[in-house]
Amino acid sequence: MNRNELRKADINLMVVFETLMQERNVTRAAEKLFLGQPTISAALNRLRNLLNDPLFIRVGHRMEPTARAHEILKHLTPALDAMSTALSLTTDFEPSVSKMTFRIGLSDDVEFGLLPAMLKAIREEAPGVVIVVKHVDYLNISEVLMSGDITVGVCLTRELPANAKRKTLRNVQPRLVRADKPSGPMSIDEYCSRPHVVVSHVASVRQFCG
């Protein structure tokens, strides 16, 4: 395919293809991209016509990629990464004179621990920018990233959109605070025997129950 023929291609189809290669399942790919299953199926049909290959063969509940699909992915992934980088370089950023608005998502603990110092640094280096902070958590961060409500988020994460990049900032270890005077370390059996209070912003305890 020469560059003139690239007009036939749709970058959204390439993202769908990459996600299908990762998930090997139309339903999971649809969930990850926040699209309907019929939309993913239609995109797969378009990909098959465009690339002149079945791309995936159903084996049980999984979709196994063809040899051609593996070869395409090998070239496609770095191309998508390069395109993402190129699009992010469309304008020069001068912090001292910028009037841009940045929308970021922070969980409660990150907002408490990070935001004051971050705002202080921003006011010194980029006094004209506007920072919009939206509350996020592991339940909604994928949705707000995909919708464009935020461009970056800092919180505990699970599943993220296929085109999202993730980096570990720190490892958090739980701590136990007790009001009584301990005679020694608390065992797991003693801990489990104590009364517990669950604070849940979704009014559900299902994620805490085994």
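Which residue's side chain meets that of E190 in a salt bridge? In this predicted model, the partner of E190 is R194, with a nitrogen-to-oxygen distance of 3.0 Å. E190 has a relative accessible area of 28% and is therefore partly exposed, since that class begins at 20% and exposed residues lie over 50%. R194 is likewise assigned to the partly exposed class, its relative accessible area being 32%.

R194 also takes part in a salt bridge with D180, in which the closest N and O atoms lie 3.3 Å apart. This pair links distant parts of the chain, for D180 belongs to the loop between β5 and α7, while R194 is found in the segment after α7, 14 residues apart. D180 is partly exposed, at 34% relative accessibility.

A further salt bridge is formed by the side chains of D109 and R170, with an N to O distance of 3.9 Å. D109 is located in helix α5, which covers residues 108-125, and R170 in the loop between β5 (152-154) and α7 (188-193), so the contact ties together parts that are 61 residues apart in sequence. The relative accessible area of D109 is 45%, which places this residue in the partly exposed class. R170, at 55%, counts as exposed because its value is over 50%. In total, the structure contains 9 salt bridges. Elsewhere, R24, R62 and E64 are joined into one network by salt bridges that share partners.

The surroundings of helix α1 were examined next. Helix α1 comprises 13 residues, numbered 11-23. From its first C-alpha to its last, the helix reaches 19 Å, close to the 18 Å expected at 1.5 Å a residue. At the start of α1, a side-chain oxygen of D10 comes to within 2.8 Å of the backbone nitrogen of N12. The residue that follows α1 is R24, which has a positive phi, near 55 degrees; R24 is also a member of the network with R62 and E64.

The buried residues of α1 are L13, M14, V16, F17, E18, T19, L20, M21 and E23. An α-helix has 3.6 residues a turn, so residues three or four places apart point the same way. The elements covering the buried residues of α1 include the helices α2 (26-33), α3 (37-51) and α4 (67-88), together with the strands β1 (56-59) and β2 (62-65).

Definitions and conventions
Residues numbered from 1 in each chain as written. Predicted model: local features only at pLDDT ≥ 70, side-chain atom pairs only at ≥ 80, totals over all residues. Heavy atoms only, no water. Salt bridge = Lys/Arg side-chain N within 4 Å of Asp/Glu carboxyl O. Helix = DSSP H or I, 4+ residues; strand = E, 2+ residues; numbered from the N terminus. Buried < 20%, exposed > 50% of the residue type's maximum accessible area, 1.4 Å probe, protein only. Expected span 1.5 Å × (residues − 1). Contact = heavy atoms within 4.5 Å. Polar contact = N/O pair within 3.5 Å; in protein donor to acceptor, adjacent residues only side chain to side chain.
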